[in-house]
Amino acid sequence: MACQTFSLLLGSADETARYAQTLGATLRPADVVLLEGPVGAGKTHFARQLIQSILTDPEDVPSPTFTLVQSYETTRGTLWHADLYRLSSVFEVEELGLSEAFETAICLVEWPDRLGALAPPDALTLSFSPADKEEARHLTATWTAQRWSDPIQSWAAA
Ligand SMILES: Nc1ncnc2c1ncn2[C@@H]1O[C@H](COP(=O)(O)OP(=O)(O)O)[C@@H](O)[C@H]1O
Ligand SMILES: [Mg+2]
């Protein structure tokens, strides 16, 4: 299937949170969402808001900057939140259990460029970038797997 894209302007951190929650409600095991963009673009904010909206029991959602991965029990199934910025080699992807998680859990991955060829081809990629206003961000979703067409359609309708 050809590559699909959908772009939108996130006017505020709260607006980003709403889109994150809308997507969260549609996720299921083996869904992989790759979060791209420079430091401060809003990747962790998006992940945190998504995770908190589906957590089975309320808890803090810290940035996995140092732990690299963090896992949660959610109403949609087990979810892994990864930040691969500090990944030392692509072999660590296996050691961390991420390769297996891609097939069994919901995975949200910051700095997915570190995955190289291990990036799942069916993933949804969300690319965040700065906008003119301090509290706004551009977001572009890209995917090839049919699986993402409905969830992103619900964004378009929001
Ligand atoms: N529209 C927006 N979307 C997401 N974050 C925003 C937005 N506007 C302001 N912010 C702020 O920008 C910061 C983004 O930080 P963070 O999510 O940690 O970035 P990253 O993980 O991409 O490095 C947060 O403090 C967040 O509140
Ligand atoms: Mg981050």
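How far is an oxygen atom of ligand 1 from an N or O atom in the side chain of Lys-43? The distance is 2.7 Å. This is a predicted model. In it, 15 residues surround ligand 1, and two helices, H1 and H2, each supply at least two residues of that shell.

**Shell around ligand 1**
- Thr-16, Gly-40, Lys-43, Thr-44 and His-45 come nearest to ligand 1 among the 15 residues around it.
- By residue class, the shell holds five nonpolar, six polar and four charged residues.
- Helix H1 covers residues 13-24 and helix H2 covers residues 43-54.
- With three residues, H2 gives the most to the shell.

**Polar contacts of ligand 1**
- The side chain of Lys-43 places an N or O atom 2.7 Å from an oxygen atom of ligand 1.
- Gly-40 takes part through its backbone, where a polar atom is 2.8 Å from an oxygen atom of ligand 1.
- Arg-137 takes part through its side chain, with a polar atom 2.9 Å from an oxygen atom of ligand 1.
- On its own, ligand 1 has 570 Å² of accessible area, and the protein covers 72% of this.

**Arrangement of H1 and H2**
- The axes of these two helices come within 8 Å and cross at roughly 50°.
- H1 is therefore oblique to H2, since an angle counts as oblique when it is neither under 35 degrees, nor 65 to 115, nor over 145.
- The crossing in which H1 passes H2 is right-handed.

Definitions and conventions
Residues numbered from 1 in each chain as written. Chains lettered and ligands numbered in written order. Predicted model: local features only at pLDDT ≥ 70, side-chain atom pairs only at ≥ 80, totals over all residues. Heavy atoms only, no water. Near = heavy atom within 4 Å. Polar contact = N/O pair within 3.5 Å; in protein donor to acceptor, adjacent residues only side chain to side chain. Areas by Shrake-Rupley, 256 points an atom, 1.4 Å probe, with all protein chains shown as cover. Helix = DSSP H or I, 4+ residues; strand = E, 2+ residues; numbered from the N terminus. Nonpolar A, V, L, I, M, F, W, Y, C, P; charged D, E, K, R; others polar. Axes fitted to C-alpha atoms, helices over the stretch in contact; angles between N-to-C directions. Left-handed = near helix turned anticlockwise from the far one by under 90°.
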